[in-house]
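Visitor: I have a structure open and would like to go through it piece by piece. Can we start with the overall layout and then move to details?
Guide: Yes, here it is.

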Amino acid sequence: TLVGPEALLAAARFLRENGQPDKADTLFKEVLDLLPDPCAQDTEKLIFVETVHGLLSTQYKSMPLPEQRELLDQARRYAIEINATEWQVRLSISFARMCSYAGDHQQAASVSDEAWYLTEKGDQASLRRWVALSTAEFLAWEGRLEEALNRYEDAIGNLEEFSSDSATLRA
């Protein structure tokens with residue numbers, strides 16, 4: 001190929017971030033087609049992980065759930081293998097959303113709990129806030145309203161520091 005997966009992934013990210021999800025999806029799919037199956041090198045695994053996350057961020061409502069599950073399972077395994085905790089967290093939230101859309105709110109809550117506990121190991125406040133806001137929905141569906149409220153309050157903290165990121169605004 002004339003363009004490698006790294007360059008295509010960068011272009012796909014750019015398109016997605018600039019409001020062209022259909023064009024981004026095409027490139028995300030091309031990246032997956034270029035990668036070996038299975039990925040052997042850590043760099044290939046990281047590209048796969050980020051590509052799956054990007055693809056599912058725009059395709060989650062139109063891609064069949066079994067296909068989403070297969071991609072997410074593989075991406076989560078790779079993220080664990082390369083010790084990419086932030087990607088483990090992000091993919092777990094994507095997996096939880098998929099479970100929620102499929103009506104499996106118990107599994108969604110369980111997987112979102114895994115993501116929550118992974119953030120306790122790190123010191124990335126913005127990631128923890130994003131996970132707290134993302135998981136509050138799954139906890140509420142599971143009937144764990146007090147825990148959902150506590151996570152929400154933990155996430156927003158001081159209102160003067162209230163963020164304008166998409167997870168905060170969606171909550």
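Visitor: What pattern does the protein chain follow, read along the sequence?
Guide: The pattern is α-α-α-α-α-α-α-α-α. Keep in mind that this is a predicted model.

Visitor: How many helices and strands is that?
Guide: The secondary structure comes to nine helices and zero strands.

Visitor: And what share of the residues counts as buried?
Guide: Of the 171 residues in the protein chain, 44% count as buried.

Visitor: What part of the contacts with a separation of 6 or more comes from residues 24 or more positions apart?
Guide: Such pairs account for 54% of those contacts.

Visitor: On to the interior. Which residues touch the most other members of the largest nonpolar core?
Guide: They are Phe48, Val49, Val52, Leu71 and Leu72, in a core of 34 residues. The elements giving two or more residues to this core are α1 (5–17), α2, α3, α4, α5 (85–101) and α6 (105–121).

Visitor: What else is there apart from that core?
Guide: Another core of twelve residues lies apart from it, and its members include Val89, Ile93, Trp116 and Val131.

Visitor: Back to Leu71. What is it in contact with, leaving aside neighbours within four places in sequence?
Guide: Leu71 contacts Leu32, Phe48, Val52, Leu55 and Met63.

Visitor: Now pockets. Which residues lie nearest the centre of the second largest pocket?
Guide: Leu32, Asp37, Phe48, Glu70 and Leu71 do, out of 15 lining residues. Leu71 and Phe48 are thus named both here and among the core residues that touch the most other members.

Visitor: How much space lies in that second largest pocket?
Guide: About 260 Å³.

Visitor: Which helices supply at least two residues of its lining?
Guide: Those are α2 (21–34), α3 (42–59) and α4 (65–81). Of the contributors, α4 gives the most to the lining, with five residues.

Visitor: How do the lining residues of the second largest pocket divide by type?
Guide: Nine are nonpolar, one is polar and five are charged.

Visitor: Asp37 came up there. What kind of peptide bond runs from Asp37 to Pro38, cis or trans?
Guide: The bond is cis, with omega near 5°. Pro38 sits in the loop between α2 and α3. In general, most peptide bonds are trans, and most residues other than glycine have a negative phi.

Visitor: Which residue has a positive phi, then?
Guide: One is Asn83, with phi near 60°. Asn83 is in the loop between α4 and α5.

Visitor: Is Asn83 buried or exposed, and why?
Guide: Asn83 counts as exposed because its relative accessible area is 60%, and the cut-off for exposed is over 50%. Its C-alpha atom is separated by 9.8 Å from that of Asp42, which is 41 residues away along the chain.

Visitor: Which residues does Gln88 touch, not counting those up to four places away in sequence?
Guide: Gln88 touches Ala79, Ile80, Asn83 and Leu118. Gln88 itself is in helix α5.

Visitor: Why does Gln88 count as buried?
Guide: Its relative accessibility is 13%, and buried means under 20%. Between Gln88 and Glu114 the C-alpha distance is 9.4 Å, with their places 26 residues apart in sequence.

Visitor: Where is Leu127?
Guide: Leu127 is in helix α7, residues 125–141. With a relative accessible area of 6%, Leu127 is buried.

Visitor: What is Leu127 in contact with, again leaving aside neighbours within four places in sequence?
Guide: The contacts of Leu127 are Glu86, Val89, Arg90 and Thr119. Its C-alpha is 9.6 Å from that of Trp116, eleven residues apart in sequence. Val89 and Trp116 are both among the members of the twelve-residue core.

Visitor: Last topic, cysteines. How many disulfides does the structure hold?
Guide: Zero.

Visitor: Are Cys39 and Cys99 buried or exposed?
Guide: Cys39 counts as buried, at 5% relative accessibility. Cys99 counts as buried as well, at 1%.

Note on methods. Residues are numbered from 1 along each chain as its sequence is written. This is a predicted model: local features need pLDDT of at least 70, side-chain atom pairs count only at pLDDT 80 or more; totals for chains, interfaces and linings use all residues. Side-chain values use heavy atoms; hydrogens and water are left out. On a 1 Å grid over the protein atoms alone, a cavity is a set of points where a 1.4 Å probe fits but cannot get out, and a pocket is an open set with protein on both sides within 12 Å along at least five of seven lines; lining residues have an atom within 4 Å of a point. Grid points are joined across faces, edges and corners, and a volume is the space filled by probe spheres set on the points. Helices (H or I, at least four residues) and strands (E, at least two) are DSSP runs, numbered from the N terminus. Ala, Val, Leu, Ile, Met, Phe, Trp, Tyr, Cys and Pro count as nonpolar, Asp, Glu, Lys and Arg as charged, and the others, Gly among them, as polar. A nonpolar core is a set of buried Ala, Val, Leu, Ile, Met, Phe, Trp, Tyr and Cys residues joined through side-chain atoms within 4.5 Å. Buried means under 20% relative accessible area, exposed over 50%, partly exposed in between (1.4 Å probe, protein chains only). Contact means heavy atoms within 4.5 Å. A disulfide is a pair of cysteine sulfur atoms within 2.5 Å.
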